[in-house]
Amino acid sequence: MTNDSTAPLVVGLAGCGTVGSGLLRVLAENGDLIRERTGRDIRIKSVLVRNPSRVRAAPLPEGARLVTDAALLTDDPETDVVVELMGGIDAPRILIDRALEHGKHIVTANKALLAEDGAGLFRKAAEKGLALLYEASVAGGIPIVQTLKESLAGNRIRSLVGILNGTSNYILSEMTSNGLDFETALAQAQEQGFAEADPTLDIDGHDAAHKLVLLIRLAYGVEYPYAELPIQGIRGLSELDINFAREFGYRIKLLGQVNEVDGRLEAGVFPTLVRHTFLLARVGGAYNAVRVEGNAVGSLFLHGRGAGDLPTASAVMGDLLAVARGARPNNTGFVRQVPERARILPPEEARSCYYVRVMVRDAPGVLRDLAGAMAAEGISLAQIIQKPEERCGVPLVFMTHEASARAMDAALRQAADAGLLRTPAVYYRILG
Ligand code: NAP
Ligand code: HSE
């Protein structure tokens, strides 16, 4: 490791899959630019993989060695930075911890690790005065981490809502616009390198939730414990609901969102109906977008590729260049490196308008009784449509005025207990 600010920055790259190979390609194509911007070359010394005989999507740079022993990166005196692009939690945590112990700066795209188990790593990086940068971990190529840490640092963030998972957005877009079924769309997202190694992280909402936890830290400087975040993914989302939502003038999107409500945070990941005229409704394919509301800046909308080799590598490059410039580390955006616990609004108190679909018998009094169950919880209906008979009954679809999650649960439980529903009710929030 050198303190010479013109010497090449020596990098140990852990992981050479979709993003790692993307990084090697960007380095090969933009090396001259990097020199112009930082006055330094970036030299990849070691590339850590599991299976060295696997064919790589990008050639190794001249002089780089393929290794299977993590210590050749973490303990190497010549290496300045370890770039972690392996994925998972345990192996990368051990690798990063050891690399920090040996004085290496860290660049990572690993939102799962940082959201679920990042506290000790941030503490250690701060103690050692090292960079722990993670722009690529949220929303692929969109520079939202830097935006919250630096550009919007003078704002109180009122709300943040985003399409944070490219795979889910790709699946929903393909189902909505091209009539693809869920499984085919997921297989395509996997082929294109958008999905996690374990794609249940994508479709069950966990990947978006990991990113939301990181955004909450960056925006509010507090910890919303991952295990307490309400999370609902898109698994099992039916074409029926996509089509009914369209009829009402909405698109269904998987959104991660946080609002400040009387000093407490209301947050979660949910499939949500978004009015078709909103910019968020128009975000297609594997693109991501984040809408941030700051008390000084007003509303900001960032849009771009949320997954894939080159967009994600672009974000990794930004972090590597920051290390190459030798800037004083600003890892969390706050002086406090390990944030306090967030004051959390209990999820059942969250208020929203709702889309509800129930399958009922086509019989007199059913609509009256259902409306009665809603009214008993103080929920008023805004629009309602009844569709022709399907296999499991008649779909009755309605939109409500604002109600609490607790009231909606109670009303639908009451309707089910009264024998009004042929299948469990399906209901989604509507973005206000
Ligand atoms: P990937 O294609 O599965 O590549 C993972 C790489 O890490 C492979 O080269 C693998 O080696 C290596 N690896 C995994 N575990 C290892 C271990 N224990 N020891 C040594 N090497 C190991 O994954 P990816 O899509 O590039 O994603 C990497 C990270 O970036 C993940 O944290 C992911 O969440 C994040 N990310 C991905 C995207 C995206 O669009 N793909 C976007 C943003 C962030 P082998 O090749 O030998 O198997
Ligand atoms: N699997 C993730 C996604 C990769 O689909 O958004 C980008 O973080």
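These notes go through several helices, a strand and a few single residues of a predicted model.

1. Helix α7 covers residues 166-177, and its length can be checked against what a helix should give: at 1.5 Å a residue, its 12 residues should span 16 Å, and the end C-alpha atoms are indeed 16 Å apart, which agrees. At the N-terminal end of α7, N165 acts as a cap, with a side-chain oxygen placed 3.4 Å from the backbone nitrogen of T167. After α7 comes G179, a residue whose phi is positive, near 65°.

2. The surroundings of α7 deserve attention, because 11 of its 12 residues are buried, so the helix is largely enclosed by the rest of the structure. The buried residues are G166, T167, S168, N169, Y170, I171, L172, S173, E174, M175 and T176. They pack against helices α8 (182-191), α9 (200-203) and α11 (239-247), and also against strands β7 (157-163), β9 (250-261) and β11 (287-294).

3. One of these neighbours, α8, can be described in more detail. Two packed helices are described by the angle between their axes and the distance between the axes. For α7 and α8 the angle is about 135° and the axes are 9 Å apart, which makes α7 oblique to α8. The crossing of α7 past α8 is right-handed, and the contact is made by T167, Y170, I171, E174 and M175 on the α7 side, with F182, A185, L186, Q188 and A189 on the α8 side.

4. A second helix pair is formed by α6 (residues 144-151) and α10 (residues 206-220), which pack at an angle of about 15° with their axes 9 Å apart. Angles under 35 degrees count as roughly parallel, and α6 and α10 are therefore roughly parallel to each other. Their crossing is left-handed, and the contact is made by I144, V145, L148 and K149 of α6 together with L215, L218 and A219 of α10.

5. The loop between α4 (111-117) and α5 (119-128) holds G118. Is this glycine buried or exposed? With a relative accessible area of 2%, G118 is buried, since buried means under 20% relative accessible area. The C-alpha atom of G118 is separated by 9.7 Å from that of L214, although the two residues are 96 residues apart along the chain.

6. Two residues that are not glycines nevertheless have a positive phi: A139, at about 60°, and D262, at about 50°. A139 is placed in the loop between β6 (132-133) and α6, whereas D262 is placed in the loop between β9 and β10 (264-275). Their accessibility should be read alongside their backbone angles: A139 counts as buried at 0% relative accessibility, while D262 is exposed, with a relative accessible area of 73%.

7. Strand β17 (residues 403-404) includes S404, which counts as buried at 14% relative accessibility. What does the side chain of S404 reach? It reaches the backbone nitrogen of A407, at 3.0 Å. Leaving aside residues up to four places away in sequence, S404 touches E348, E349, A350, R351 and Y354.

Notes. Residues are numbered from 1 along each chain as its sequence is written. Chains are lettered from A and ligands numbered from 1 in the order in which they are written. This is a predicted model: local features need pLDDT of at least 70, side-chain atom pairs count only at pLDDT 80 or more; totals for chains, interfaces and linings use all residues. Side-chain values use heavy atoms; hydrogens and water are left out. Helices (H or I, at least four residues) and strands (E, at least two) are DSSP runs, numbered from the N terminus. The expected span of a helix is 1.5 Å times one less than its number of residues. Buried means under 20% relative accessible area, exposed over 50%, partly exposed in between (1.4 Å probe, protein chains only). Contact means heavy atoms within 4.5 Å. A polar contact is a pair of N or O atoms within 3.5 Å; within protein, one must be able to donate a hydrogen and the other to accept it, and residues adjacent in sequence count only if both atoms are side-chain atoms. Axes are lines fitted to C-alpha atoms, for helices over the stretch in contact, and angles run from 0 to 180 degrees between N-to-C directions. Angles under 35 degrees count as roughly parallel, over 145 as roughly antiparallel, 65 to 115 as roughly perpendicular and the rest as oblique. A crossing is left-handed if the near helix is turned anticlockwise from the far one by less than a right angle, and right-handed if clockwise.
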